[in-house]
Amino acid sequence: MHWVPVTRKGSDFPSVTIQLMPALNAPPDAYLANCPCRSVLDLLADKWSALALGALTAGPLRFGEVRTRLEGISPKVLTAVLRRLEENGLVERTVFPEVPLRVEYALTELGRDANDPLEALRRWVEANIERFP
């Protein structure tokens, strides 16, 4: 929420009173401490979140398939990452009533949109990794 100064005049207030009021229709600004963009940036900038979104670009995968693709991730961390992505509307979890139970994870439209800049960043890092000390 952004705050803007508001001045009031009248008998109930001193001649000029400055109050901070929420700005209406203010654009998001990730540099402000209370901007909701920060929690989204935190989610998307997480290594495992970005890689999980990338792993799902080819289509729906089961948990074990995502874990195989993301070498080095523990089942506990992958569960937490997939849950956060699902809670934020980036991944859809589908449970199939079969024996044994089958669960698949797939990108939502929002997840596909968020993955585009992340894919560009992954490719840039891969192409430029030699430049880093």
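# Salt bridges, strands and core of a predicted model

Glu-119 is partly exposed, with a relative accessible area of 24%; partly exposed here covers the range between buried (under 20% relative accessible area) and exposed (over 50%), computed with a 1.4 Å probe on protein chains only. The structure is a predicted model, in which local features need pLDDT of at least 70 and side-chain atom pairs count only at pLDDT 80 or more, while totals for chains, interfaces and linings use all residues. Residues are numbered from 1 along each chain as its sequence is written, and side-chain values use heavy atoms, with hydrogens and water left out.

**Overall layout**

The protein holds 5 helices and 5 strands; these are DSSP runs numbered from the N terminus, helices (H or I) having at least four residues and strands (E) at least two. Along the sequence they follow the pattern β-β-α-α-β-α-α-β-β-α. Of the 133 residues in the protein, 29% are buried. Contacts, meaning heavy atoms within 4.5 Å, can also be sorted by sequence separation. Among those between residues at least 6 apart in sequence, 38% join residues at least 24 apart.

**Salt bridges**

There are 5 salt bridges in the structure, each a side-chain nitrogen of Lys or Arg within 4 Å of a carboxyl oxygen of Asp or Glu. Side chains of opposite charge can pair when their charged atoms come close. The table gives three of the bridges.

| Acidic residue | Basic residue | N to O distance |
|---|---|---|
| Glu-98 | Arg-102 | 3.0 Å |
| Glu-104 | Arg-102 | 2.9 Å |
| Glu-119 | Arg-122 | 2.6 Å |

Glu-98, a partner of Arg-102, is partly exposed, at a relative accessible area of 37%. Glu-104 and Arg-102, in contrast, are both buried. The bridge between Glu-119 and Arg-122 lies within helix H5 (residues 109-128), where the two residues are 3 apart and therefore separated by about one helical turn. Arg-122 counts as buried, at 15% relative accessibility. Elsewhere, Glu-98, Arg-102 and Glu-104 are joined into one network by salt bridges that share partners.

**The sheet around E5**

Arg-102 and Glu-104 both belong to strand E5, which spans residues 102-107 and has 6 of its 6 residues buried. Which residues cover the two faces of E5? Arg-102, Glu-104 and Ala-106 lie on one side, and Val-103, Tyr-105 and Leu-107 on the other, all of them buried.

E5 is part of an open sheet of 3 strands in the order E3-E5-E4, with antiparallel pairing. E3 and E4 are the edge strands; each has a single partner strand, so one side of each has no neighbour in the sheet. Two strands pair if DSSP finds at least two bridges between them. Strand E3 (residues 61-62) is joined to E5 by 2 bridges, and Arg-62 stands opposite Glu-104. Strand E4 (residues 91-96) pairs with E5 over 6 bridges, and the two strands form a hairpin with 5 residues between them. Val-91 faces Leu-107 of E5, while Phe-96 has Arg-102 of E5 as its bridge partner. Arg-102 thus takes part in strand pairing with Phe-96 and in a salt bridge with Glu-98.

**The nonpolar core**

The largest nonpolar core has 23 residues, and Leu-53, Leu-56, Leu-70, Leu-85, Leu-90 and Val-91 touch the most other members. Helix H1 (37-45), helix H2 (47-55), helix H4 (75-87), E5 and H5 each supply at least two residues of this core. H2 gives the largest share, 5 residues. Such a core is a set of buried Ala, Val, Leu, Ile, Met, Phe, Trp, Tyr and Cys residues joined through side-chain atoms within 4.5 Å.

Which residues does Leu-53 contact, leaving aside its neighbours within four places in sequence? They are Leu-44, Leu-85, Leu-90, Val-91, Leu-107, Asn-115 and Leu-118.

**How H2 meets H5**

H2 and H5 pack at an angle of about 105°, with axes 10 Å apart. The two helices are therefore roughly perpendicular. The contact involves Ala-50, Leu-51, Leu-53 and Gly-54 of H2, and Asn-115, Leu-118 and Arg-122 of H5. The axes are lines fitted to C-alpha atoms, for helices over the stretch in contact, and angles run from 0 to 180 degrees between N-to-C directions. Angles under 35 degrees count as roughly parallel, over 145 as roughly antiparallel, 65 to 115 as roughly perpendicular, and the rest as oblique. Arg-122 thus appears both in this helix contact and in the salt bridge with Glu-119.
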